[in-house]
Amino acid sequence: MDKNTPDFNQKTILITGGAGFIGSNLALHLQENYPTAKIVVFDIFRTGERWVHGSLKSFGHYANLTKFRGDIICGDLNNPADLNRLNSYRFDYIFHQAAISDTRVYDQTVVMQTNLNSFYDILSLAQNHQAKLIYASSAATYGSCASPQTIGIESPENPYGFSKLAMDRVAHRYVSEHPDMHVVGLRYFNVYGAGEFFKEKTASTVLQFGHQILSGNAPKLFEGSDQILRDFVYIKDVVHANILACLAKSNGVYNIGTGTPRSFQEIADILQQQLGTHFRTEYIPNPYTGYQMHTQADLSLSQSELGYAPQWTLEAGIADYLPEIKSSFTQKVA
């Protein structure tokens, strides 16, 4: 066992959003590596309901948890009765991943209620249980700020990004009033990897390009994609960051990326190389205004305070992810 990470054996752990992409990976990692940990997943699960722009309202899916053996509570963050069920446990750690994470949801009331209002309840739960709290913030807090994106310089451009920035500010104030608490926020950049299939159109370009190529078609990229660079971080690095955050030297919010931006064009080219295909790239006009053209995580604080250093390059991450990309291509789960 790594001496720089906690021993979760004999501990009780809550993962909100545990049927989603990041939450399910975290749940399965903890289950595999800490066999005597008691892990509780809280998730609203998929209902089939969609937002006006077509995306699913919930990405949690049972298929992400078919190998999970812990407790599962189907519940809504906005329902006090559902949250109250969590008080039958005594948590040592809380990983708060649940949120409306779709940046195209512009119903500000719903986003703020789900992401921010419920966060007060999660903070109170952590305080009452004396649990360490690690929560999902987001690089969406930066909007179109110049790279490298740095803690303290934010300019969100959608309700989701604003809700996450508001959470960071509430957390900062909360721990100043309760200095004995351990509360750490992680600003994820562009996460990709196994378990994102059920996010459908909001899944990473890695999965979407991979499926386009496997269908026998040239990958469709926006015009100028060689100039659209993002900080793509592999899910295994994100899970490791959550673990490290439990031993953070100080409370606060930290960037989780690679610090190395890569282009959409590079993703398509790496996939074609690893899949052994030679399609031409199809370029289409970019329909979005205010589109992020460059993201790059400033990792200086993450390295010094968490001991975080990304282990997966884009090439290595895609290679590791490739079997899942192939198997999910034919997956037909409602």
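**Parallel sheet and its helices**

Strands β5 (residues 132-138) and β6 (residues 183-188) run parallel and are joined by 6 bridges. Keep in mind that this is a predicted model. The two strands belong to an open sheet of 7 strands with parallel pairing, and helices α3 and α4 are worth a look alongside that sheet.

**The sheet**

- Reading across, the strand order is β3-β2-β1-β4-β5-β6-β11.
- At the edges sit β3 (71-74) and β11 (252-256), each of which pairs on one side only.
- On average, neighbouring strands here are turned by 20° against each other, direction ignored.
- For a handle on the β5/β6 register, take Leu-133, whose bridge partner in β6 is Val-183.

**Helix α4**

- Helix α4 (residues 159-177) lies across β4 (93-96), β5, β6 and β11.
- Against β5, α4 runs at about 150°.

**Helix α3**

- Helix α3 (residues 108-129) has 22 residues, so at 1.5 Å a residue it should span 32 Å; the end C-alpha atoms are 31 Å apart, which agrees.
- That said, α3 has a kink of about 30°, centred on Phe-119.
- Phe-119 is also one of the buried residues of α3, and others include Val-111, Met-112, Leu-116, Ile-122, Leu-123, Leu-125 and His-129.
- The cover over the buried residues of α3 includes β1 (12-16), β4, β5, α4 and β6.
- Just after α3 comes Gln-130, with a positive phi of about 55°.

Notes. Residues numbered from 1 in each chain as written. Predicted model: local features only at pLDDT ≥ 70, side-chain atom pairs only at ≥ 80, totals over all residues. Heavy atoms only, no water. Pairing = 2+ DSSP bridges. Helix = DSSP H or I, 4+ residues; strand = E, 2+ residues; numbered from the N terminus. Axes fitted to C-alpha atoms, helices over the stretch in contact; angles between N-to-C directions. Contact = heavy atoms within 4.5 Å. Expected span 1.5 Å × (residues − 1). Bend = angle between axes of the 7 residues up to and from the residue. Buried < 20%, exposed > 50% of the residue type's maximum accessible area, 1.4 Å probe, protein only.
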